[in-house]
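Colleague: I'm new to this one, and I'd like a close look at a single part before I wander around the rest. Could you start me off at one lysine and then take me on to the ligand?

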Amino acid sequence: MTSSREGVSKYIEVEDDETLAIGYYDDDDDFDTFTDGNLDCSCEDGGGFSDPLSGEVKPRILLMGLRRSGKSSIQKVVFHKMSPNETLFLESTNKICREDVSNSSFVSFQIWDFPGQIDFFDPTFDYEMIFRGTGALIFVIDSQDDYVEALSRLHLTVTRAYKVNPEINFEVFIHKVDGLSDDAKIEKQRDIHKRANDDLADAGLEKIHLSLYLTSIYDHSIFEAFSKVVQKLIPQLPTLENLLNIFISNSGIEKAFLFDVVSKIYIATDSSPVDMQTYELCCDMIDVVIDISCIYGLTEEEAGQPYDKESMAIIHLNNTTVMYLKEVTKFLALVCFLREESFERKGLIDYNFHCFKNAIQEVFDVRVKVQKNRKLLSQRRWSKQAPMESSAASTERRPIGGITCQSTIFKST
Ligand SMILES: Nc1nc2c(ncn2[C@@H]2O[C@H](COP(=O)(O)OP(=O)(O)OP(=O)(O)O)[C@@H](O)[C@H]2O)c(=O)[nH]1
């Protein structure tokens, strides 16, 4: 399964304080510039879940850390399906690279991969401009290396970013933990957590919250960590969680995940705890569905979409658990875990799923409306044609939590 943009990665080169050369590296590695500066690169989506809002401001995720800590590898493995072994041949990044990830409307953001050493004192580096529009800052620490320098860099980066934008989520990936024993992992995490927080406390910045994750590109931990980072940037998350809770409790399902199929990031799950094994099984199931579909599901005339409206799969595990995957949108899948006896009421589950899908559509529609109004508002602000306070559009904004889903879900008995 590939995004429709595979092979063409969009990048941005920071040239000076104000000027950004916007363009992309194509397969022959030439940097081509968009003359009109049009950055809209969301995927076309016939399923009705595309984002028709060109010019929408997407949350920005920054990947920072020392040289060779693994930033580019993370981006390539999670978003470009690069196999972990291939990352051995990645060259060092020497300029800021930007990529738009627009798999579905809920998973839509920009990733900025920074070269190892950013000099905050370099006058040509406008870090204020960069941090101002940032949703999450991922700082990657190589756990197989001495991390004293990384910690001081983390401190400098976090304090600078916080001063510019206190809303940023600070995420620390303690990376390359594949070479460590379980005890060593816990010990490293504890030590890094303590030292980083002590440094912040010394600077009087104990209110800054750092979230720590143990990650490796050689297992699913990097996908799980990225899922959590992305989830924090989805304003509709509580609504999605709520919908999943209602769906599973009325259908006899034990656990359900809403997955972005392309990246295998789960954008929401019900409120019961997630264990790594369950998450890994879901990822494997998605791979199986896509692989089987690629091999047996595509006719020669088809342009090659292995995931579509018809996509669904049922896997019976040997512990009386059933895994059930259903297509929600062109880019989203619902993966559920349930007992065999609950699966006997498949009709009820399918009906409830239908209601769930409609509810997701409603959430999406509200989001589109909010974004449209925001765009309208900013256009008006720029053209100074209408005062901001009296804009009718602003009255249209309503909190996403206020959605009432009208679909009736039937209760499993
Ligand atoms: N063992 C292990 N190696 C990793 C992991 N992630 C990345 N690497 C390796 O780390 C090396 C550096 O990775 P890069 O992704 O180029 O690092 P970077 O941070 O982008 O480096 P710069 O571009 O120089 O800033 C590569 O050889 C990767 O194969 C991991 O999870 N485990």
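Modeller: Sure, let's begin with K228, which sits in helix α5, residues 221-231 (helices are DSSP runs of H or I with at least four residues, strands are runs of E with at least two, and both are numbered from the N terminus). Bear in mind that this is a predicted model, where local features need pLDDT of at least 70 and side-chain atom pairs count only at pLDDT 80 or more, while totals for chains, interfaces and linings use all residues. Residues are numbered from 1 along each chain as its sequence is written, and side-chain values use heavy atoms, with hydrogens and water left out.

So is K228 buried, exposed or something in between? K228 counts as partly exposed because its relative accessibility is 33% (buried is under 20% relative accessible area, exposed is over 50%, and partly exposed is in between, using a 1.4 Å probe and protein chains only). Setting aside neighbours within four places in sequence, K228 is in contact with Y213 and Y266 (contact means heavy atoms within 4.5 Å). There's also A268: 40 residues separate it from K228 in sequence, yet the two C-alpha atoms are 9.0 Å apart in space.

Now for the ligand. It is surrounded by 20 residues, and the closest are K71, S73, S92, T93 and D178 (a residue belongs here if one of its heavy atoms lies within 4 Å of the ligand). Helix α1, residues 71-80, gives the largest share of this shell, with 3 residues. By class, the shell has 4 nonpolar, 11 polar and 5 charged residues (Ala, Val, Leu, Ile, Met, Phe, Trp, Tyr, Cys and Pro count as nonpolar, Asp, Glu, Lys and Arg as charged, and the others, Gly among them, as polar).

Look at the side chains next. A ligand nitrogen is 2.7 Å from an N or O atom in the side chain of D178. A ligand oxygen is 2.8 Å from an N or O atom in the side chain of T87, and an oxygen of the ligand is 3.4 Å from an N or O atom in the side chain of R67. Taken alone, the ligand exposes 660 Å², and the protein buries 93% of that (accessible areas come from the Shrake-Rupley method with a 1.4 Å probe; for residues, only the protein chains shown count as cover).

Terms used. A polar contact is a pair of N or O atoms within 3.5 Å; within protein, one must be able to donate a hydrogen and the other to accept it, and residues adjacent in sequence count only if both atoms are side-chain atoms.
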